[in-house]
Amino acid sequence: MVTNEDLDAWVAGLEELFAQVAGRFHRVEPRRRARAYVRGLLAPLAGKNGWTLAEAAGDLTPDGMQRLLNAATWDADGIRDDVRAYAVSHLGERDGVLIVDETGFLKKGTKSAGVQRQYSGTAGRIENCQLGVFCAYATSKGRTLIDRELYLPKSWINDRERCREAAVPDEVEFATKPVLAQRMLARALDAGVPATWVTADEAYGGDSKFRHWLEDRRISYVVAVPSSQTIPAVAGTSRADVLVAHAPDDAWKRRSCGDGAKGPRVFDWAVAELPTYPDTTPPGWQRWLLARRSLTRNSKGEYEIAYYLCCAPTGTTDEDLIRVAGARWAIEDCFQTAKTEVGLDHYQVRRYDAWHRHITLALLAHTYLAVTAAIAPKALTAASSQSRWARSSVSWHT
């Protein structure tokens, strides 16, 4: 049974979080407005744009909410750092996993910062959209988004007048999505986020500079790579799919890589230890090729296979690699919950800084839900039901 005490605990937790970020606002009015904005993001509203958030706050127009995003003076990056620290204080574990990935935001028109026709994994096709690169943090206690960067294509960076119209600072230069991911990972590691692993899909894992950067930072990784990925072997090099095609039958082991919405996510896995070269492999570390194979054949009669390159200290187990490979799913879950629960993609802004401000407040709301679910799930249930606001030549492991 839900009690007033449960709901009071939810409200108190939110007030505690806002107390941590209060210093990032220089005036009372934007601080109060941001508090109302986040309350609206947490409320059960059908859409969470300027109008609906204003109505939830009791305003007659959306002007105040738009001013918060476009003109008010406050430190969005500072709040990002506070939210990350809040997540670590409640969810942090030594062997945490940092996950980087992108998600698309479908848009109309050509004025929103970074918008153009480009491939969106969210839509599964080329669409007129913005792309945001995100960093998530996952442990056994929970998962949440802790950082964000808006991707600006070269077509934007090469048109400085267009950038100025969208409030993109003149000093912002073109950066690939893997470079944006590196920046966020560097911020997390430099801030002391307890993490042993990084994982990412092949858009990042297939970038050798990204992998080398992780090795230089001495952070272990399990990253997806394309089937055509060149793999070093004793007798030269080979493609990932060619090596896996020659894996012996007893190299494949049926394992769960973690629980999903429908229970354990079980696949067949194979691990190959790759040659170690002192000039390229960190001392005391090892590289592996990991393969994940579906249990059933597809419509073409073929097993679907995913490929991963891994690097970690010698002695790392196959089970560790499989667990981290499965952890990448956590950021997809974060994207889904952030979009459906706290309006991550409901914004109506064009400016570069306004995008980061909305996304930062959505990250704050999302992280608050993740922490509450971990430490006070009954209070979260109370809040959602009684909201006070409107709502080969390699060695296979056998």
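Select Asp259 and Pro264 to begin: Pro264, in strand β10, is the bridge partner of Asp259. The model in the viewer is a predicted one. Now extend the selection to residues 253-260, which form strand β9, and to residues 263-273, which form strand β10; the two strands run antiparallel and are joined by six bridges. The connection from β9 to β10 is a hairpin that passes through two residues.

Keep β10 on display and add residues 285-297, strand β11. Six bridges join β10 to β11, and this pair also runs antiparallel. To find one place where they meet, select Val271 together with Leu290, its bridge partner in β11.

A further hairpin can be seen by selecting residues 116-120 and residues 125-139. These are strands β2 and β3, paired in the antiparallel sense over five bridges. Four residues lie between β2 and β3 in this hairpin. In the turn, select Gly124, whose phi is positive, at about 80°. Tyr119 and Ile126 may then be highlighted, as Ile126 in β3 is the bridge partner of Tyr119.

Turn next to the helices. Select residues 177-190 for helix α8 and residues 208-216 for helix α10; their axes lie 10 Å apart and the helices pack at an angle of about 15°. Because angles under 35 degrees count as roughly parallel, α8 and α10 are described as roughly parallel to each other. The crossing of α8 past α10 is right-handed.

Helix α2 is the next selection. With 15 residues, α2 reaches 21 Å from its first C-alpha to its last, close to the 21 Å expected at 1.5 Å a residue. Several of the residues in α2 are buried, among them Pro30, Tyr37, Val38, Arg39 and Leu42.

Leave Arg39 selected and add Glu15. The two form a salt bridge in which the closest N and O atoms are 3.2 Å apart. Arg39 belongs to helix α2 (residues 28-42) and Glu15 to helix α1 (residues 4-21), so this contact ties together parts that are 24 residues apart in sequence. Glu15 has 27% relative accessibility and therefore counts as partly exposed.

Other salt bridges may now be visited; a search of the whole structure finds 28. Select Arg80 and Asp147, whose side chains meet in a salt bridge at 4.0 Å, N to O. This pair links distant parts of the chain, with Arg80 in helix α5 (residues 76-91) and Asp147 in strand β4 (residues 142-150), 67 residues apart. Both Arg80 and Asp147 are buried. To widen the view, add Asp77, Asp81, Arg84, Arg148, Glu149 and Arg187, which are linked with Arg80 and Asp147 in a network of salt bridges.

Then select Asp101 and Arg328. Their side chains meet in a salt bridge at 2.9 Å, N to O. Asp101 lies in strand β1 (residues 96-106), whereas Arg328 is in the loop between α12 (318-327) and α13 (329-341), and 227 residues separate the two. Asp101 and Arg328 are both buried.

The last stop is Cys310, located in strand β12 (residues 303-313). Is Cys310 buried or exposed? Its relative accessibility is 1%, so Cys310 counts as buried. Finally, add Phe18 to the selection and compare the two positions: Cys310 and Phe18 are 292 residues apart in sequence, and their C-alpha atoms are 39 Å apart in space.

Definitions and conventions:
Residues are numbered from 1 along each chain as its sequence is written. This is a predicted model: local features need pLDDT of at least 70, side-chain atom pairs count only at pLDDT 80 or more; totals for chains, interfaces and linings use all residues. Side-chain values use heavy atoms; hydrogens and water are left out. Buried means under 20% relative accessible area, exposed over 50%, partly exposed in between (1.4 Å probe, protein chains only). The expected span of a helix is 1.5 Å times one less than its number of residues. Two strands pair if DSSP finds at least two bridges between them. Axes are lines fitted to C-alpha atoms, for helices over the stretch in contact, and angles run from 0 to 180 degrees between N-to-C directions. Angles under 35 degrees count as roughly parallel, over 145 as roughly antiparallel, 65 to 115 as roughly perpendicular and the rest as oblique. A crossing is left-handed if the near helix is turned anticlockwise from the far one by less than a right angle, and right-handed if clockwise.
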